[in-house]
Structure formats: structure tokens, C-alpha cells
Amino acid sequence: MRQSIRLIVEGMHCERCVHSVSTLLQALPGVLEVGVTLEPGAAVVAYDSSLCAPDALRRAIENAGFDVR
């Protein structure tokens with residue numbers, strides 16, 4: 001089932017950070033759409049809840065060195 005979540009991502013300082021977060025999220029199984037913005041530092045992710053969970057999205061971002069709220 002299609003779900004979406006908005007995550008606040010702290011620690012992004014440039015467009016390279018935005019690109020990195022976007023790319024890593026798009027690579028996760030079940031992720032359908034990704035939108036990442038530098039200001040206000042957010043990621044909006046649409047995903048298939050039968051293949052992906054919000055915790056997996058958060059962990060992927062945190063493993064890349066960013067903080068998520």
C-alpha cells in the first residue's frame with residue numbers, strides 16, 4: 001500500500017547533501033518517489049508499505065551521517 005512520510009533531515013549543508021540523501025533513498029526497495037529540499041531540510045518519501053518501513057528510511061539517512069527527526 002502506498003504511504004508517504006515527511007522526515008526532517010538535519011546536517012545537510014549543500015546541494016551535494018541533498019543529492020546524496022535523495023539517491024540513497026531512491027535505492028531502497030519499495031521507495032516510489034523522493035523529494036529532498038535543503039531548506040527547510042526535509043525529505044518527503046512515497047513508499048510501498050509492504051516493502052519498506054519508515055524506520056528503514058530513517059536508518060538509511062542516519063547511516064549516511066545525517067540526523068533525522
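In this predicted model, strand 1 and strand 3 pair in the antiparallel sense over 7 bridges, and within that pairing Q3 is found opposite Y47 of strand 3. Helix 2 packs on the sheet to which these strands belong, touching strand 1, strand 2, strand 3 and strand 4, and its direction makes about 30° with that of strand 1. The sheet itself is open and is formed by 4 strands in the order 2-3-1-4, with antiparallel pairing. Its edges are strand 2 and strand 4, each of which pairs on one side only. Helix 1, for its part, lies across strand 2 and strand 3, and runs at about 170° to strand 2.

Helix 2 spans residues 54-63, and its buried residues are L57, A60 and I61. When the helix is viewed down its axis, these buried residues fall within an arc of 95°, so they line one face of helix 2. The spacing can be read against a general rule: an α-helix has 3.6 residues a turn, so residues three or four places apart point the same way. The partners of the buried residues of helix 2 are strand 1 (2-10), helix 1 (15-26), strand 2 (31-37), strand 3 (42-48) and strand 4 (67-68). After helix 2 comes G65, which has a positive phi, near 100°.

Two of the residues on the buried face of helix 2 reappear in the nonpolar interior. The largest nonpolar core has 21 residues, and those that touch the most other members are M12, L25, V45, L57 and I61. Strand 1, helix 1, strand 2, strand 3 and helix 2 are the elements that give two or more residues to this core, and the largest share, 5 residues, comes from helix 1. In general terms, nonpolar side chains tend to be buried together in soluble globular proteins. M12 offers a place from which to inspect the surroundings: leaving aside its neighbours within four places in sequence, M12 is in contact with C17, V18, V21, V36, T37, L38, G41, A42 and F66.

The charged side chains complete the picture, and a search of the whole structure finds 3 salt bridges. One of them joins R2 to E33, with the closest N and O atoms 2.5 Å apart; this pair links distant parts of the chain, since R2 is in strand 1 and E33 is in strand 2, 31 residues apart. E33 is partly exposed, at a relative accessible area of 47%. In another salt bridge the side chains of R69 and E10 meet at 2.7 Å, N to O, and here too distant parts of the chain are linked, with R69 in the segment after strand 4 and E10 in strand 1, 59 residues apart. R69 counts as exposed because its relative accessibility, 59%, is over the 50% cut-off, whereas E10 is partly exposed, with a relative accessible area of 34%.

The salt bridge between R58 and D55, whose closest N and O atoms are 3.5 Å apart, lies within one element: both residues belong to helix 2 and are 3 residues apart, about one turn of the helix. R58 counts as partly exposed at 27% relative accessibility, and D55 is likewise partly exposed, with a relative accessible area of 48%. Helix 2 therefore carries this salt bridge between partly exposed residues as well as the buried residues that line one face of the helix.

Definitions and conventions. Residues are numbered from 1 along each chain as its sequence is written. This is a predicted model: local features need pLDDT of at least 70, side-chain atom pairs count only at pLDDT 80 or more; totals for chains, interfaces and linings use all residues. Side-chain values use heavy atoms; hydrogens and water are left out. Buried means under 20% relative accessible area, exposed over 50%, partly exposed in between (1.4 Å probe, protein chains only). The arc is that of the directions from the helix axis to the C-beta atoms. Contact means heavy atoms within 4.5 Å. Two strands pair if DSSP finds at least two bridges between them. Axes are lines fitted to C-alpha atoms, for helices over the stretch in contact, and angles run from 0 to 180 degrees between N-to-C directions. A nonpolar core is a set of buried Ala, Val, Leu, Ile, Met, Phe, Trp, Tyr and Cys residues joined through side-chain atoms within 4.5 Å. A salt bridge is a side-chain nitrogen of Lys or Arg within 4 Å of a carboxyl oxygen of Asp or Glu.
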